[in-house]
Amino acid sequence: MRNVLLMAAVAVLAATLLLNFSSAHAKQDTTFVTIADARSGIATPVDLGAPGDSPGDMFVFDQPLLNEARQPIGSNSGYCIRTLPGQFSECQWTLTMANGTITVAGREAETGTSLIPIIGGTGAYVGARGVLTTTPNGDRTFTQVLTLFR
């Protein structure tokens, strides 16, 4: 009888742990889209070292951040340091919105789509982690798809 009760207790405990684990991992990732508008605001190149595009050159920016309807929702500000002329820069920037900030940092390609890690946030985004996918639109705006992992 003792073994039956012990086995029943273990089965209940295992089922409870499995339910808790499943519900904790059932949370969905959150994805939303912003547009970085490089057509206005500050966009300043800083030419360091050899004249022209060279390692160590910087680009500093503080530009409007828009929603998908292209309405202002905040700012997109940060900097990039050129690592491989004409191809890549290491960048860090912060998306500032009414309910908090999201900070990203990583390698951005000169052309095409780049995946940049989300490294943190404030306000509604405290503890944010995930990835920002940024794609140039050809009109000096950039579509930024943010996927926050839960």
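Two strands count as paired if DSSP finds at least two bridges between them. With that in hand, the strand partners of this predicted model can be followed one by one. In β9, L148 is the bridge partner of G130. That bridge belongs to the pairing of β8 with β9, two strands that run antiparallel and are joined by seven bridges. The two also form a hairpin, with four residues between them. Within the turn, G138 has a positive phi of about 85°. The loop between β8 and β9 is also the place of R140, a residue other than glycine whose phi is nonetheless positive, near 70°.

On its other pairing, β8 meets strand β7, residues 114-121, again in the antiparallel sense, over five bridges. Here P117 has V131 of β8 as its bridge partner.

It helps to place these strands in the whole chain. The protein contains one helix and nine strands, and reading along the sequence gives the pattern α-β-β-β-β-β-β-β-β-β. The protein has 150 residues, of which 29% are buried. One further backbone detail sits in the loop between β3 and β4, where R70 is found. R70 is not a glycine, yet its phi is positive, at about 65°. How accessible is R70? Its relative accessibility is 37%, so R70 counts as partly exposed.

The interior comes next. In soluble globular proteins, nonpolar side chains tend to be buried together. In this model the largest nonpolar core has 16 residues, and those with the most contacts inside it are W93, L95, I102, V104, I118 and L132. Two or more residues of this core come from each of β3, β5, β6, β7 and β9. Which element gives the most to the core? That is β5, with four residues.

Strand β5 also takes part in the covalent cross-link of the model. The structure holds one disulfide, which joins C80 to C91 with an S to S distance of 2.1 Å. The link connects distant parts of the chain, with C80 in strand β4 and C91 in strand β5, 11 residues apart. Are these two cysteines buried or exposed? Both C80 and C91 are buried. As for handedness, the torsion about the S-S bond of C80 and C91 is about 115°, so the disulfide is right-handed.

One of these cysteines leads on to the open space in the model. The largest pocket encloses about 730 Å³. Its lining consists of 34 residues, and the closest to the pocket centre are F59, C80, E108, E110 and F142. C80 therefore appears in two settings: in the disulfide with C91, given that a sulfur pair within 2.5 Å is counted as one, and among the residues closest to the pocket centre.

Where does the pocket lining come from? At least two residues each are supplied by β2 (42-46), β3 (58-66), β4 (72-84), β5 (88-97), β6 (100-109), β8 (130-136) and β9 (141-148). By residue class, the lining divides into 15 nonpolar, 11 polar and eight charged residues. Strands β3, β5, β6 and β9 thus turn up both among the suppliers of the lining and among the elements that give two or more residues to the largest nonpolar core.

Notes. Residues numbered from 1 in each chain as written. Predicted model: local features only at pLDDT ≥ 70, side-chain atom pairs only at ≥ 80, totals over all residues. Heavy atoms only, no water. 1 Å grid on protein atoms, 1.4 Å probe; cavity = no way out; pocket = protein on both sides within 12 Å on 5 of 7 lines; lining within 4 Å. Points joined across faces, edges and corners; volume = space filled by probe spheres on them. Nonpolar A, V, L, I, M, F, W, Y, C, P; charged D, E, K, R; others polar. Buried < 20%, exposed > 50% of the residue type's maximum accessible area, 1.4 Å probe, protein only. Core = buried A, V, L, I, M, F, W, Y, C linked by side-chain atoms within 4.5 Å.
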